[in-house]
Amino acid sequence: MSEATAFLNTPRSEKRTEIPAPITVHTLPAAKGAVPKEHAHLRDADAVLVKDRARLRADAYSLTALWPATEAALPYDPRILTQLIRQGGLAVAHADYGVPLTHQTLLYHLNYHVAPGFQVPRDRPSPLTVEVLVSDTTHRRTNAGALDMNISILDNGVPVAWSETRFGWISPAAYRRLRGDRHTVDWAAWDVPPPVDPASVGRTDPADVTLSPTGLPNRWQLRNNTANTLLFDHPVDHVPGLALIEAAHQAAYALGSTAYFEPTGVTSDFTQYVEFDAPCWIEAELISAPDAPADTVRVTGVQNEQRAFQVELTGSYR
C-alpha cells in the first residue's frame, strides 16, 4: 500500500457538536510575529486574516484575526469564516508541527457551528481571536501526516463559531502518484457557465456566484470563476474545498427562493477531488422532518456520475 493510500484510509475523528470552552478567558498574549502568507497558502499577503500566533500550552494556540469590513447584505460572509478556520489551522500546522511548506495539504472534512444571530459590523473591520486545540496526530512523519483540530472563533472572549476539522499532508512524490496526470492543470482555461441571479443566492456581485442554472429545480452546475479571488487565490490542480462549501451555502439559499437561510451548523465530507475539466452538478434537498426544530439542507456534488462531496447545513429559513 502506498503512502498516499494509507494516509487516505486513515479513519476520521468523531464529530464535535457541543460548544467548547474557550482556551483563554482574558486578553490575548503578546503577538509572536506576523503569520507569513506562505503559511496560509496565499499569494496575496493582504488576504491573510490571522496576524500573529502564540502558544498557550501543549497543543493549544491562539491567534489574533481581523474580519474585514464588507458591503454584503448577509449577517456574515461564510467565506470569511471558513478562511479564518483554514488559515488558523494551517498556521499552527506549519509553525508548530513542522508540516513542510513543500508538501500538499489535504482537507478530509471541515465541520463548524455558528452561534445563532452571529453577525459582524459592515462598516469596519472586527478584531477576533482564533484558538486552535490539536486533539490528535496521526502518521507524524516527514512524508505524510494528519492533525485533528478543534478551532474556536471568539469575539471579546465569547465563542461565536467553533469547528472540528482534519488537515493532512503528503510529500510531493506521493501527491504526484495520487493525482497522476491530474497533477497539473491549464489554469483558467475552462469555460465558466453563466451565473444565476446573484440575489437568488444571497450575493451582489456575479463574480461571487458559484452556481449556474440548469433548467431543473434544485440543480445547478458549479462555476469555477477565478475572478473570485477569495476562493481562488492562486492556481491549484483541483477545485478547493472552501469553494465547494461556498457552493453548498449558495445552494441552500437558492432552495428557499426568497427566504434567507441562516446556517448554524455545517458538516462536510469530501470523497474525491472535483476537477476543472468536467461539469460538477450541485443538487440540494430539504431533509428535515416537518416537526424538526431546525431546517437541514443536504447539498451533494456529483461529477462523472460519482458523488464527489456532500455538505449538510442546519439552520433556519427566515
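These questions and answers concern a predicted model. Residues are numbered from 1 along each chain as its sequence is written. Local features need pLDDT of at least 70 and side-chain atom pairs pLDDT 80 or more, while totals for chains, interfaces and linings use all residues, and side-chain values use heavy atoms, without hydrogens or water.

Biologist: Which helix gives the most to the largest nonpolar core?
Modeller: A nonpolar core is a set of buried Ala, Val, Leu, Ile, Met, Phe, Trp, Tyr and Cys residues joined through side-chain atoms within 4.5 Å. The largest has 72 residues, and Trp67, Leu81 and Ile282 are among those that touch the most other members. Helices are DSSP runs of H or I, at least four residues, numbered from the N terminus. The most, 10 residues, comes from α4 (residues 241-255).

Biologist: How many residues of α4 are buried?
Modeller: Buried means under 20% relative accessible area with a 1.4 Å probe, protein chains only. The helix has 15 residues and is mostly covered. The number buried is 14.

Biologist: Which residue follows α4, and what is the sign of its phi?
Modeller: The phi of the residue after α4 lies near 55°. That residue is Ser257, and its phi is positive.

Biologist: Which residue in β11 is the bridge partner of Trp281?
Modeller: Strands are DSSP runs of E, at least two residues, and two strands pair if DSSP finds at least two bridges between them. Strand β10 (residues 280-286) is joined to β11 (residues 295-303) by 7 bridges, and the two run antiparallel. The partner of Trp281 is Val302.

How values were computed: Buried < 20%, exposed > 50% of the residue type's maximum accessible area, 1.4 Å probe, protein only. Expected span 1.5 Å × (residues − 1).
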